[in-house]
Amino acid sequence: MKHSGRWILLLSVFLTLVFLHFQSGEITVSFVDIYNSIFHYNENQTTHILFLEFRLPRIIMALIAGASLSVAGMLMQTMFNNPLAGPYILGINSGASLLVAIGILSGFSLFQSTGGLIGAALIGSFLVGSLMLLLAGKIRSNIGLLLVGIMISSFIGSIISFLEAGSNAEKLRNFTLWSMGSLQHVQLNQIVPILGVVFSAFIGIFFCVKPLNILVLGEVSANSLGINTKRLNLVIILLTAILAGVVTAFCGPIAFVGLAVPNVTRMLFKTRNHRILLFANLIIGSIFMLICDILILQLEHLMVIPINVLTSFIGAPFVIYVVFKSGVR
Amino acid sequence: MITVSNLKIGHYETIAQCGSLQLDKGVLYALVGNNGSGKSTFFKTICGIIPAISGELILFGKPLSSLSHLERSKTIAFVESKFSGVELLSVAEYIGLGRAPYTGISGRLSQYDFIKIKETISFFGIQDLKNRFTDSLSDGERQLCAIARAVVQETPFIVLDEPTSSLDFRNKKLIMQKLKEIAEKENKCILLSTHDIELTFEFDCQLLGVFENEISMLKEMRYEDLKEKLLA
């Protein structure tokens, strides 16, 4: 198989990082602990509780967040034909944030449930995604589109600030905690529905590989090659909204992963074939998130770093590098 | 056979119209007309990319509007005026995308697809470019690849928007010669737009023109008369 060396390398890095993740933090988990807590669970053993209640959901969420945001970024970059597109910079995350903010700050009990949270985030990201799609037809330049995305984010940010200003202390605390971004707030019983939703989105994208490969030629060419581009764009927005929305709902806004990882993937595999890019983004996105979370765990005894801070710290300089390298117009 | 009757085209308001027109297989047609006369809009309309304002378009017995996206892609191949290449997309992959209307949901190419692609690549003499990335090619090379992609699509009707613009003289002639050859040998209807009117006479194209917002066949037109008409 082509690229097999790269796949093996990525897989080994991935497995090493999973191992390292369990070895990081104040309390480490050994393989024996993992085995025992799954097959011989004993609720009197703190390591068992620790693993199942904290470490397992946390690592799974790291993998889901990294993979989902990266694949969402890949979809955005193909659809807008723009290497600097991503769910965060185009305001898709902020759409999710807005509806989650309305949910948490209004205090409706419907929004406090897992399903309600997913639903709110999904609708929010889908609305902003559709708005961007509508505007993209009118904006010719790559940078113009990003500027509009950033402005939409700022605008929504200000609405959220209004909402915050009018809320009581407890609701505000809940929302602030959420908005800092974290992989730790997810509980084990929430993981299954999240995995289900994200996994169905990945399957949906797998069936879009052919149209995505054609879409890189631009809308007119794709159209003349038999692709219903209007419908395809809607499907892409919907799938992006699902991926970015779910992650945002549970981990808060996480910046730059969706922008940076698909660029790394393309550089590494030197291809525009989405069959390869999809799987490569899944694994490279997971690796990126694992690295970030391992750093957070390693520094835990010094300070608590929100995940969003770390991804921006690594991601933002990388984006500047991409601008210089590719000469984006 | 493609027939056009009482067609009005434009994005919102009519910018040009075509009373009646008939295009046959085996002929190379060239549409001439000044910038902004509506050549590109006409092409996008007959390729079904933008809707006509009114009128009728019949492609090989079926109205264009009745064709699905897939059926359309098996009937018409369209080459845009500008293909600036795609980063990290190789020439072979690019031409392979021309087979998209025939591949399954996975997009995998069959044995026949590969044979067809290989044949077309050697017809255009671009074997050496096969593994190059499309954004690293020269304008002439890229244009050849774009036309190869359209030919691989195996449609009876090929439409090319200014395929010879931005090319040097040698490449212009090469492209015209290849198109003429395909039209006659493979019995295809090929329609292109161009400002290189000398070439349309040299390669004995059937001329169409857009003058005063009317698209029509230019029969028995002399080179000097056409030049005068375009300058008027």
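Start by selecting strand E7 of chain B: both of its faces are covered, with Phe157(B) and Val159(B) buried on one side and Ile158(B) and Leu160(B) buried on the other. Keep in mind as you click around that this is a predicted model. If the two-sided arrangement looks familiar, that's the usual pattern: in a regular strand the side chains alternate between the two faces of the sheet.

**Either side of E7(B)**

Leave E7(B), residues 157-160, on screen and add strand E6 of chain B, residues 76-79; the two pair in the parallel sense over four bridges. To check the register, pick Ala77(B), which stands opposite Ile158(B) in E7(B). Then pick Phe78(B), which stands opposite Val159(B).

What covers E6(B), and what is buried there? Both faces of E6(B) are covered. Ile76(B) and Phe78(B) are buried on one side, while Ala77(B) and Val79(B) are buried on the other.

Now bring in strand E8 of chain B, residues 189-193. E8(B) runs parallel to E7(B), and four bridges join the two. For a landmark here, select Phe157(B): its bridge partner in E8(B) is Cys189(B).

**A helix pair in chain B**

Hide the strands and show helix H5 (residues 139-152) and helix H6 (residues 169-185) of chain B. Their axes lie 10 Å apart, and the packing angle is about 10°. With an angle like that, H5(B) is roughly parallel to H6(B).

Turn on side chains to see who makes the contact. From H5(B), select Gly140(B), Gln143(B), Ile147(B) and Val151(B). From H6(B), select Asn171(B), Ile175(B), Lys178(B) and Ile182(B). Colour them by class and you get four nonpolar, three polar and one charged.

**An odd phi in chain B**

Stay in chain B and jump to strand E1, residues 2-9, where you'll find Asn6(B). Why stop here? Most residues other than glycine have a negative phi, but the phi of Asn6(B) is positive, near 50°. Is Asn6(B) buried or exposed? Asn6(B) counts as exposed because just 12 other C-beta atoms lie within 10 Å.

**Across to chain A**

Next, show the place where the chains touch: 19 residues of chain A are in contact with 20 residues of chain B. On the chain A side, look for helix H10 (209-215) and helix H11 (219-224), each of which supplies at least two residues. By class, that side of chain A has eight nonpolar, seven polar and four charged residues.

Now hide chain B and zoom out on chain A. You're looking at 15 helices and zero strands. The C-alpha atoms fill a box of roughly 65 × 55 × 35 Å along the principal axes. A compact globule of 329 residues would have a radius of gyration near 20 Å, and chain A agrees, because its own value is 20 Å. Of those 329 residues, 46% count as buried. Among contacts in chain A with a separation of 6 or more, 79% come from residues 24 or more positions apart.

**Last stop: Phe256(A)**

Finish in the loop between helix H12 (229-251) and helix H13 (257-269) of chain A, where Phe256(A) sits. Here is another positive phi in a residue other than glycine, near 75°. Is Phe256(A) buried or exposed? Phe256(A) counts as buried because it has 24 C-beta neighbours inside 10 Å.

Definitions and conventions. Residues are numbered from 1 along each chain as its sequence is written. Chains are lettered from A and ligands numbered from 1 in the order in which they are written. This is a predicted model: local features need pLDDT of at least 70, side-chain atom pairs count only at pLDDT 80 or more; totals for chains, interfaces and linings use all residues. The radius of gyration is taken over C-alpha atoms; the globule rule is 2.2 Å times the number of residues to the power 0.38. A residue is buried if 20 or more other C-beta atoms lie within 10 Å of its own, exposed if 12 or fewer, and partly exposed in between; C-beta atoms are placed from the backbone. Two residues are in contact if their C-beta atoms, placed from the backbone, lie within 7 Å. Axes are lines fitted to C-alpha atoms, for helices over the stretch in contact, and angles run from 0 to 180 degrees between N-to-C directions. Angles under 35 degrees count as roughly parallel, over 145 as roughly antiparallel, 65 to 115 as roughly perpendicular and the rest as oblique. Ala, Val, Leu, Ile, Met, Phe, Trp, Tyr, Cys and Pro count as nonpolar, Asp, Glu, Lys and Arg as charged, and the others, Gly among them, as polar. Two strands pair if DSSP finds at least two bridges between them.
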